Amino acid sequence: MCWSATADLTAGTVISAVGVACLVRVRRVRDLPLAALPLLLGAHQLVEAAVWASGGGRSPAVTVWAVIALPVLPVWVPLGVLLAAAPEARRRLWGPLAVGVATAAVLSYCLATGPVTAEIRGHTLGYGVNVPWMPLVLTCYLFATLGSLLLAADGRLRFLGVLLAAGALACSALWRLEFASTWCAFAAVASVLVLGWVRRREAGSPVL
């Protein structure tokens, strides 16, 4: 997520504040899950600051981090996109949500039956979870999260999906090199985009 405990703590605080601003501006109940995404991402990074502080290994902070990252996000994101969409645009969004629920079920089972560990590798954290059929599970995970955004009728959400897809590729490359984890930067930009989406909805502007 971030390259140090300080970076995670700083980014988590800022992103959480953006999340609060999003929730304050929400005027439609069905927009709440998507508007709360920055708050969830911010909390996730604050949890990872605790993982850094613990030195990795097995700890409650590691487990909480994994629960948010693995079973929660592949349901939260497509559900939020589906609920925020206009009725005529929802049909194509049921697929990512169904895949997300199935993926979350598999990942929940993995977390419940196996150990979850974290290891500090230079300026990155590596998390260990025993997930069978990893390529398939990862594909389903990305379809649920990124796919739901890319299939949205709202142009801002599609742009968010493109940004996060690019961020995932960049962060994966840097993480494999054990250079630095930079996801917190993309999470911050994504949170600002969600705030812009919420403000547009608040103003009652037509959805692209």
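Asp31 and Arg201 are joined by a salt bridge in which the closest N and O atoms are 2.8 Å apart, a salt bridge being a side-chain nitrogen of Lys or Arg within 4 Å of a carboxyl oxygen of Asp or Glu. Asp31 lies in the loop between helix H1 (5-25) and helix H2 (32-35), and Arg201 in helix H8 (residues 183-203), so the pair ties together parts that are 170 residues apart in sequence. Helices (H or I, at least four residues) and strands (E, at least two) are DSSP runs, numbered from the N terminus. The model is predicted: local features need pLDDT of at least 70 and side-chain atom pairs count only at pLDDT 80 or more, whereas totals for chains, interfaces and linings use all residues. Residues are numbered from 1 along each chain as its sequence is written, and side-chain values use heavy atoms, with hydrogens and water left out.

A search of the whole structure yields two salt bridges. Asp31 also meets Arg28 in a salt bridge, at 4.0 Å from N to O. Arg28, Asp31 and Arg201 are thereby linked in a network of salt bridges. Side chains of opposite charge can pair when their charged atoms come close. Asp31 is buried, with a relative accessible area of 3%, and Arg201 is likewise buried at 11%, whereas Arg28 is partly exposed at 27%. Here buried means under 20% relative accessible area, exposed over 50%, and partly exposed in between (1.4 Å probe, protein chains only).

The three residues of this network also occur in the lining of the largest cavity, which comprises Val26, Arg27, Arg28, Asp31, Trp197, Val198, Arg201 and Glu202. On a 1 Å grid over the protein atoms alone, a cavity is a set of points where a 1.4 Å probe fits but cannot get out, and lining residues have an atom within 4 Å of a point. The volume of the largest cavity is about 30 Å³, a volume being the space filled by probe spheres set on the points, with grid points joined across faces, edges and corners. The count comes to one cavity of 30 Å³ or more.

A nonpolar surface patch is formed by Leu23, Val29 and Leu32, with about 260 Å² of accessible area together. Patches are made of residues with over 30% relative accessible area and no salt bridge, nonpolar side chains (Val, Leu, Ile, Met, Phe, Trp, Tyr) being joined within 5 Å and like charges within 9 Å. Accessible areas come from the Shrake-Rupley method with a 1.4 Å probe; for residues, only the protein chains shown count as cover. Leu32 lies in helix H2 and is partly exposed at 37% relative accessibility.

The structure holds zero disulfides, a disulfide being a pair of cysteine sulfur atoms within 2.5 Å. Cys22, found in helix H1, is buried at 0% relative accessibility, whereas Cys140 is partly exposed at 23%. Cys22 and Gly196 are 174 residues apart in sequence, with a C-alpha to C-alpha distance of 8.7 Å.

Trp133 lies in the loop between strand E2 (124-129) and helix H6 (134-150). The phi of Trp133 is near 50°, a positive value in a residue other than glycine. Trp133 is exposed, with a relative accessible area of 64%.

How values were computed:
1 Å grid on protein atoms, 1.4 Å probe; cavity = no way out; pocket = protein on both sides within 12 Å on 5 of 7 lines; lining within 4 Å.
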